[in-house]
Amino acid sequence: MSPASTGASTSVGAVPSVPVPGSSGSDAIGSDSRMTPGGPGYRRMSLALFLAGVATFALLYSTQALLPLISGEFGVAASEASWTVAAATGGLALFVLPMSALSERFGRRTVMTASLAVAVAVGLLVPFAPSIGALVVLRGVQGAALAGLPASATAYLAEEVRPKALVTAIGLFVAGNSVGGMSGRVITGWVAQEWGWRVSVGVIGALAVACAVAFRLLLPAPRHFTPGSLRPRVLYGTVRGHLADPLLRRLYAIGALFMTVFGGVYTVIGYRLTAAPFGLPQGIVGSIFLVYLVGTVSASAAGRLVGRFGRRGALYLAGGTTAAGLLLSLAASLPLVLLGLVLITAGFFAGHAVASSAVGKTATHGRAQASALYQSAYYIGSSVGSTVGALAFRTGGWAGTVGVGLLAVLGVVAITVLGSVAARRSVANPARASVRATAH
């Protein structure tokens with residue numbers, strides 16, 4: 001995954017590097033006191049943020065593999081149970097920007113610690129939810145609290161790690177996101193098969209407690225953070241400027257639409273695979289999320305795809321792969337369904353990586369806010385996909401969920417075509433392109 005797929009790089013005012021007083025900005029030893037691989041504190045910092053990533057995404061999606069069991073206990077349909085996922089991702093989407101602003105004022109480590117503490121505390125209450133409504137509320141609060149992690153982690157790294165080591169350091173945090181998201185679903189599936197969903201989410205809560213404590217003990221105190229003021233007017237102006245940019249708007253929409261497909265498919269797939277004609281046990285269904293490993297490969301290949309086909313060509317390829325997977329998943333054969341999930345996952349992660357990386361390249365100022373907006377759109381897409389995909393499943397079965405996904409892919413293609421048209425117009429009218437560049 002790219003940093004933007006996990007919620008990284010969202011801090012208000014974060015910059016790629018922070019000069020040290022008296023430094024020329026080089027990475028020469030002795031001229032830069034920031035951390036570097038093999039240097040003091042680097043290994044502790046890397047492990048701390050890896051564990052924070054594991055805790056964040058294990059908690060965020062802890063109920064996704066358990067929805068059939070939650071439906072069974074509370075006597076609700078998939079469309080109602082899916083709100084336990086949608087509320088968490090929606091809460092994160094709404095609070096990414098506010099949390100990033102708080103991290104500018106109170107510090108990255110402080111906000112990350114507080115966020116994890118609140119999210120973990122709520123996670124320990126989730127197994128005791130007396131009703132589906134209470135469970136949804138708790139999950140919404142948990143998602144809002146977790147917004148402080150992606151809002152601060154990359155900013156901390158940008159300030160405390162030397163530029164040449166930054167990509168590697170961010171990669172470790174992203175790896176924690178991936179491991180947490182995948183292992184959380186797999187663990188909950190197998191534990192729930194034996195002891196039920198309440199024990200399962202309790203185990204994830206206990207895992208998160210251990211990760212949070214280790215994170216706080218391991219993470220070095222920041223040495224290069226300079227507190228800023230909470231200036232809503234400046235934040236508002238930057239956000240408004242990004243939303244006025246047609247290319248950024250298209251990229252935000254593409255990220256949201258890709259995540260609509262992904263959120264819908266993986267929210268509902270448990271219902272399909274535990275029912276006839278497959279009848280798979282909960283543990284096996286949870287293990288289906290190992291398919292995420294395919295996404296890690298396709299996301300890492302996104303750069304090569306863009307180099308060969310261009311950004312829009314890569315988006316067409318990602319959309320086509322996702323659509324082919326959706327169609328293939330309609331089959332009544334389990335191997336074909338699994339192959340369809342592989343294609344959906346590969347297409348989604350590739351498209352998400354292309355769109356999210358393009359945001360950073362497109363924004364010429366306020367890149368942190370531009371990334372935060374992308375992530376807000378991304379998680380809103382997850383919430384929409386979870387709820388709409390589940391509603392479609394309730395009314396039209398798996399074919400209904402696939403239909404929602406295909407409409408979202410069609411939206412990606414349509415937006416990409418509009419981008420191609422806009423690019424040709426810019427080439428035909430260089431004066432307009434020059435005005436746009438000057439404005440930004």
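Helices are DSSP runs of H or I at least four residues long, numbered from the N terminus, and in this predicted model that numbering places proline 277 in the loop between α12 (246-274) and α13 (282-287). The peptide bond that joins alanine 276 and proline 277 is cis, with an omega of about 5 degrees. Most peptide bonds, by comparison, are trans.

A single electrostatic pairing was identified, in that the structure holds 1 salt bridge. Side chains of opposite charge can pair when their charged atoms come close. Here the partners are glutamate 73 and arginine 198, whose closest N and O atoms are 2.6 Å apart. The pair links distant parts of the chain, since glutamate 73 belongs to helix α3 (residues 67-74) and arginine 198 to helix α10, with their positions 125 residues apart in numbering.

Helix α10 also contributes to the surface, where Ile187, Trp195, Val199, Val203 and Leu207 form a nonpolar patch with about 430 Å² of accessible area together. Both α9 (163-195) and α10 (197-218) supply at least two residues each to the nonpolar patch, although α10 gives the most, with 3 residues. Among the patch members, valine 199 is found in helix α10.

Towards higher residue numbers, the axes of helix α14 (residues 292-300) and helix α15 (residues 302-328) come within 4 Å and cross at roughly 40 degrees. Angles under 35 degrees count as roughly parallel and those of 65 to 115 as roughly perpendicular, and α14 and α15 are therefore oblique to each other. The contact is made by Ser298, Ala299 and Ser300 of α14 together with Ala302, Gly303 and Arg304 of α15, and these residues divide into 2 nonpolar, 3 polar and 1 charged.

Methods:
Residues numbered from 1 in each chain as written. Predicted model: local features only at pLDDT ≥ 70, side-chain atom pairs only at ≥ 80, totals over all residues. Heavy atoms only, no water. Axes fitted to C-alpha atoms, helices over the stretch in contact; angles between N-to-C directions. Parallel < 35°, antiparallel > 145°, perpendicular 65-115°, else oblique. Contact = heavy atoms within 4.5 Å. Nonpolar A, V, L, I, M, F, W, Y, C, P; charged D, E, K, R; others polar. Patch = residues over 30% accessible without salt bridge, like charges linked within 9 Å, V, L, I, M, F, W, Y side chains within 5 Å. Areas by Shrake-Rupley, 256 points an atom, 1.4 Å probe, with all protein chains shown as cover. Salt bridge = Lys/Arg side-chain N within 4 Å of Asp/Glu carboxyl O.
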